[in-house]
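Student: I have a model open and I'd like to learn how to read it feature by feature. Can we start with the sheet?

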Amino acid sequence: MSRALPGPPGIRVLLVEDDPGDVFLVQELLAEVDPTVSVLVAESVEAALGQLPVADCVLLDLNLPGTSGLDGLRQILQSDPAAAVCVLTGLDDEYLGIAAVGVGAQDYLVKNKADGAVLIRAIRYAVERRRAEASMVRLREEQLVAAESVRLERGLLPSPLLDGSTVSSRQFYRSGRTRAVIGGDFFDAVRGPSGTVHAMIGDVSGHGPDEAALGALLRVSWRALVLAGVDEPQVLPKLQEVLVSERHDRTLFTTVCTVTIDPVPGGGAHLQIRSAGHPPPVSLRPGPMSLQATVGVPLGVLADTTWVSTGADLAPGWALLMFTDGLIEGRGRRPDELLWQEGLIDVLGEDRDIPPADLPGRLVEHVERINGGPLADDVAILMLSDAR
């Protein structure tokens, strides 16, 4: 008798068979060609269902009590669609074999025509095909997640619309270590109808695709409000209306910081800041400094509230750093303390000689070194500077 090549050790076969003689024969045939195969036995489909999770392959007799035709095969695949099932029956019926494969069986074997080599080959092929199919499913899922992440990223992290202004921008985004997909951080910058540059950065509480989609919606809504010429004091209240009407959970809130930049003749600019529970920007030139702002409650917390505007004058050659709190919530240099904004100012002072184009990425790398590894939360950075 021909012998099959040794296969992966520890293959577990669930034999669904009520005839003791056939059980003994299958066990002997498999042991002869591969002693590492272990055979579990169930005398009915009902008994087999509880053992499916521990089996690599199922050998199923179609002639079992309580089942007829392909009913047993359908029950097993309904219970575990990923099960590798080979039909092993005394019925030498080509049409039934085709039907069994059509239902989901990996192979159709006739008892008196299947020796040990044929059995072990069918089992191995069935197991490997199921593994390959599972790998393809996982790959497809990863591709769908990646495609969804790209779509969300386009909504959350757009290209600023600053043509015709004297302001340039640089953007940075890095997903936190706990997720592969993009989170709820978002930002934008546009030149309004009057020539004023408007910028914003925000963060939806929570993590997941729903929060990311909500962040994208808020970002698009903010851009629409600005380009429509809505008075600046009314932008955050209108944005809160959008949040309240669209959020899927009443406890969700969003932190946002907005700025308006009006360049002044001879260089420099006048800045207005509004913060809804979000860290205010940092002025980078001539040296890093936290800008003072009145921090109000986040969007979605109180129905009747206002967000106070704080003004600041920027010197010629100014540069601003807007960021989400993922940048400052990692570990700081002192034990048991987070970095916070004060620590960020120290880091920026050490990185003052880094070219502006490289600063956002280098800044995050510096913060991660202090943290001792990747940051837990997403980090979004919007850097605005005087392009004159």
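Tutor: Sure, and keep in mind that this is a predicted model. For a sheet, get the strand order and direction: here five strands make an open sheet, ordered S2-S1-S3-S4-S5, with parallel pairing.

Student: Which strands stand at the edges?

Tutor: S2 (38-42) and S5 (107-110). Each has a single partner strand, so one side of each is left without a neighbour in the sheet. From one strand to the next, the twist averages 25°.

Student: How many bridges join S1 to S2?

Tutor: Five, with S1 covering residues 12-16 and running parallel to S2. To follow one pair, take valine 13, whose bridge partner in S2 is valine 39. Then look at what packs on the sheet: helix H1 (residues 20-33) touches S1, S2, S3 (57-60) and S4 (85-89). The direction of H1 makes about 165° with that of S2.

Student: What about pockets? What volume does the largest pocket have?

Tutor: About 230 Å³. Next, check the lining: it has 15 residues, and the closest to the pocket's centre are Asp56, Ala82, Ala83, Ala84 and Arg130. S3 and helix H5 (116-156) are the elements that give two or more residues to that lining. H5 gives the most, with six.

Student: How do I check a helix such as H6, and what should its 19 residues span?

Tutor: Compare the expected span with the distance between the end C-alpha atoms. At 1.5 Å a residue, H6 (residues 209-227) should span 27 Å, and its ends are 27 Å apart, which agrees. Buried residues in H6 include Leu214, Leu218, Trp222 and Leu225. Just after H6, glycine 229 takes a positive phi of about 80°.

Student: Where should I look for a positive phi in a residue other than glycine?

Tutor: Try aspartate 336, with phi near 65°. Aspartate 336 sits in the loop between S15 (319-323) and helix H8 (340-350). Its relative accessibility is 86%, over the 50% cut-off, so aspartate 336 counts as exposed. Tryptophan 340 also has a positive phi, near 55°, but lies in H8. At 41% relative accessibility, tryptophan 340 counts as partly exposed.

Student: And which residues does a cis peptide bond join?

Tutor: For that you read omega. Arginine 285 and proline 286 are joined by a cis peptide bond, with omega about 5°. You'll find proline 286 in the loop between S11 (282-283) and S12 (289-290).

Conventions: Residues are numbered from 1 along each chain as its sequence is written. This is a predicted model: local features need pLDDT of at least 70, side-chain atom pairs count only at pLDDT 80 or more; totals for chains, interfaces and linings use all residues. Side-chain values use heavy atoms; hydrogens and water are left out. Helices (H or I, at least four residues) and strands (E, at least two) are DSSP runs, numbered from the N terminus. The expected span of a helix is 1.5 Å times one less than its number of residues. Buried means under 20% relative accessible area, exposed over 50%, partly exposed in between (1.4 Å probe, protein chains only). Two strands pair if DSSP finds at least two bridges between them. Axes are lines fitted to C-alpha atoms, for helices over the stretch in contact, and angles run from 0 to 180 degrees between N-to-C directions. Contact means heavy atoms within 4.5 Å. On a 1 Å grid over the protein atoms alone, a cavity is a set of points where a 1.4 Å probe fits but cannot get out, and a pocket is an open set with protein on both sides within 12 Å along at least five of seven lines; lining residues have an atom within 4 Å of a point. Grid points are joined across faces, edges and corners, and a volume is the space filled by probe spheres set on the points.
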